Amino acid sequence: MSTRCIDCHTLLTSGSRCYACTLTHRAKREANGWERQQQTDRILDRDGHQCVLKGPHNGRLEVDHIVPLHRGGSNDDDNLRTLCAFHHRLVTGEARRSRPGYPR
Ligand SMILES: [Zn+2]
Ligand SMILES: [Zn+2]
């Protein structure tokens, strides 16, 4: 039985990716993770390492999507803000409750 590399379609004896594509894939994934971490640091710095909402804060700081990705929000810095875990849960919970069951 033979398979093909899912990236370059070279015939393989086993696995789903050839060695070269495995390396490329891994490097890409690590680069993405690094990029995300950089962005997280950037958002936290921009917001002064504080939750941007008013009120009592609780929990560690997290980066929130102002417009959720499933509503067409982007991963751009201006769609991201720093929230404490408490407020993050609060706003994502509210977003879920106010989410219409039908398209508007
Ligand atoms: Zn390959
Ligand atoms: Zn907060």
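**Domain arrangement and local features of the predicted model**

The predicted model has a mean pLDDT of 90, and 90% of its residues reach 70 or more. Confidence varies among the elements of the protein, the lowest mean pLDDT, 84, belonging to helix 2 (residues 85-98) and the highest, 97, to strand 4.

The domain assignment divides the protein into domain 1, covering residues 1-46, and domain 2, covering residues 48-104. The centres of domain 1 and domain 2, taken over C-alpha atoms, are separated by 29 Å. Five residues of domain 1 and seven residues of domain 2 take part in the contact between them. On the side of domain 1 that touches domain 2, two residues are nonpolar, two are polar and one is charged.

Helix 1 (19-46) precedes the loop that leads to strand 3 (61-65). The 28 residues of helix 1 reach 41 Å from the first C-alpha to the last, a span close to the 40 Å expected at 1.5 Å a residue. The number of buried residues in helix 1 is zero, so this helix lies largely in the open. Ala-20, which lies in helix 1, illustrates this setting: Ala-20 counts as exposed because 12 C-beta neighbours are found inside 10 Å, and 12 or fewer is the criterion for exposure. Ala-20 and Ala-31, which are 11 residues apart along the chain, have their C-alpha atoms separated by 17 Å.

Helix 1 is followed by Gly-48, a residue with a positive phi, near 70°. Positive phi values also occur in two histidines, and here the context is of interest because most residues other than glycine have a negative phi. In His-49, phi is near 55°, a positive value in a residue other than glycine. His-49 is situated in the loop between helix 1 and strand 3, and His-49 is exposed, with 11 other C-beta atoms within 10 Å. In His-9, phi is likewise positive, near 65°, again in a residue other than glycine. His-9 belongs to the loop that joins strand 1 (3-4) to strand 2 (11-12), and with 10 C-beta neighbours inside 10 Å this residue counts as exposed.

The loop between strand 1 and strand 2 also contains Ile-6. Ile-6 has 13 C-beta neighbours inside 10 Å and therefore counts as partly exposed. When residues up to four places away in sequence are not counted, Ile-6 touches Ser-16 and Arg-17. Arg-17 is located in the loop between strand 2 and helix 1; with 19 C-beta neighbours inside 10 Å, Arg-17 counts as partly exposed, because a residue is buried if 20 or more other C-beta atoms lie within that distance. Although Arg-17 and Ile-6 are 11 residues apart in sequence, their C-alpha atoms are 5.8 Å apart in space. Beyond residues up to four places away in sequence, the contacts of Arg-17 comprise Cys-5, Ile-6, Asp-7, Thr-22 and His-25. Ile-6 and His-70, by contrast, are 64 residues apart in sequence and lie 27 Å apart, C-alpha to C-alpha.

In domain 2 (48-104), strand 3 and strand 4 pair in the antiparallel sense over five bridges. One of the residue pairs involved is formed by Val-63 and Thr-82, the latter being the bridge partner in strand 4. Strand 4 (residues 80-84) is mostly covered, with five of its five residues buried. Leu-80, Thr-82 and Cys-84 point one way from strand 4, whereas Arg-81 and Leu-83 point the other way, and all of these residues are buried.

A further arginine, Arg-60, is found in the loop between helix 1 and strand 3. Arg-60 is exposed, with 8 other C-beta atoms within 10 Å. Arg-60 and Thr-92 are 32 residues apart in sequence, and their C-alpha atoms are 16 Å apart in space. The two elements described in most detail thus show opposite settings, helix 1 having zero buried residues and strand 4 having five of its five residues buried.

Notes:
Residues are numbered from 1 along each chain as its sequence is written. Chains are lettered from A and ligands numbered from 1 in the order in which they are written. This is a predicted model: local features need pLDDT of at least 70, side-chain atom pairs count only at pLDDT 80 or more; totals for chains, interfaces and linings use all residues. Domain bounds come from an automatic or database domain assignment. Two residues are in contact if their C-beta atoms, placed from the backbone, lie within 7 Å. Ala, Val, Leu, Ile, Met, Phe, Trp, Tyr, Cys and Pro count as nonpolar, Asp, Glu, Lys and Arg as charged, and the others, Gly among them, as polar. Helices (H or I, at least four residues) and strands (E, at least two) are DSSP runs, numbered from the N terminus. Two strands pair if DSSP finds at least two bridges between them. The expected span of a helix is 1.5 Å times one less than its number of residues. pLDDT is the predictor's confidence in each residue, from 0 to 100.
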